[in-house]
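Welcome! Take a moment to turn the model around on your screen, and then we will walk through it together.

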Amino acid sequence: MFGSIVTVMTTMGEYVGKVATNDSKTGITLTHPRMIVMNEENMGFANGIAMTSVDMPKTVTFSSYIFVTPTDEEVAAAWEQHTAETSGIVMPPQSKIIGS
């Protein structure tokens, strides 16, 4: 699980991040955690993990959660793009080859 992009479901919301540590005593620590937010039409990432948290925290540890699951591939790719954009790392555009 270390290094995997996962979704952590808590009673307060859904979070996506990369697993830094997972310990039964202290909980699961994610790097670049982002809370999932939704409106009527779209889903996206908040820049924090709580209404009053700092923007773009480097890590967060969840000591209490409902479950952890691998993140959907599209959401994981969007998370990677979002965290790269907000970290100052520039990712090259992904090329797609369309065949007949």
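What percentage of the 100 residues in the protein do buried residues make up? They make up 32% of them. Please keep in mind as you read that this is a predicted model.

**The overall layout**

The protein has 1 helix and 6 strands, and along the sequence they come in the pattern β-β-β-β-β-β-α. Take the contacts between residues at least 6 apart in sequence: 50% of these join residues at least 24 apart. The accessible surface comes to about 7,200 Å², and 55% of this area belongs to carbon and sulfur atoms.

**How β3 meets its partners**

A good place to start looking is strand β3. The table lists three strand pairings that involve β3.

| Pairing | Sense | Bridges |
|---|---|---|
| β2 with β3 | antiparallel | 7 bridges |
| β3 with β5 | antiparallel | 4 bridges |
| β3 with β4 | antiparallel | 3 bridges |

Two of these pairings also have a hairpin to look at. A hairpin of 3 residues joins β2 to β3, while β3 is joined to β4 by a hairpin through 4 residues. To find the pairings on your screen, you can look for single bridge partners: Lys-18 has Thr-31 in β3 as its partner, and Val-37 has Gly-44 in β4.

**A closer look at Thr-29**

Thr-29 is found in strand β3 and stands opposite Thr-61 in β5. The side chains of these two threonines are joined by a polar contact of 2.7 Å. Is Thr-29 buried or exposed? With a relative accessible area of 12%, Thr-29 is buried, because buried means under 20%. Leaving out residues up to four places away in sequence, Thr-29 touches Lys-18, Val-19, Ala-20 and Thr-21, as well as Thr-59, Val-60 and Thr-61.

**The nonpolar cores**

Now let us turn to the nonpolar side chains. The largest nonpolar core has 11 residues, among them Val-6, Val-8, Tyr-15, Leu-30, Met-35 and Phe-62. Strands β1 (5-9), β2 (14-23), β3 (27-38) and β5 (59-62) each give two or more residues to this core, and the largest share, 3 residues, comes from β3. A second, separate core has 7 residues, including Ile-5, Phe-45, Ala-76 and Trp-79.

Val-8, from the largest core, is a handy residue to click on. Setting aside neighbours within four places in sequence, Val-8 is in contact with several residues, including Tyr-15, Ile-28, Leu-30, Phe-62 and Phe-67.

**One aromatic pair**

How many aromatic pairs does a search of the whole structure find? The search finds 1. The ring centres of Tyr-15 and Phe-62 are 4.9 Å apart and the planes are at 45 degrees, so the pair is tilted. Tyr-15 belongs to strand β2 and Phe-62 to strand β5, and the pair links distant parts of the chain, 47 residues apart. Both rings belong to buried residues: Tyr-15 has 6% relative accessibility, and Phe-62 has 10%.

**Ending at the helix**

The last stop is helix α1 (residues 73-87), where Ala-84 lies. Ala-84 counts as buried, at 7% relative accessibility. How many residues apart in sequence are Ala-84 and His-32? They are 52 residues apart in sequence, and from C-alpha to C-alpha they are 9.8 Å apart in space.

Notes:
Residues numbered from 1 in each chain as written. Predicted model: local features only at pLDDT ≥ 70, side-chain atom pairs only at ≥ 80, totals over all residues. Heavy atoms only, no water. Core = buried A, V, L, I, M, F, W, Y, C linked by side-chain atoms within 4.5 Å. Buried < 20%, exposed > 50% of the residue type's maximum accessible area, 1.4 Å probe, protein only. Contact = heavy atoms within 4.5 Å. Phe/Tyr/Trp six-rings, centres within 6.5 Å; stacked < 30°, edge-to-face > 60°. Polar contact = N/O pair within 3.5 Å; in protein donor to acceptor, adjacent residues only side chain to side chain. Areas by Shrake-Rupley, 256 points an atom, 1.4 Å probe, with all protein chains shown as cover. Pairing = 2+ DSSP bridges.
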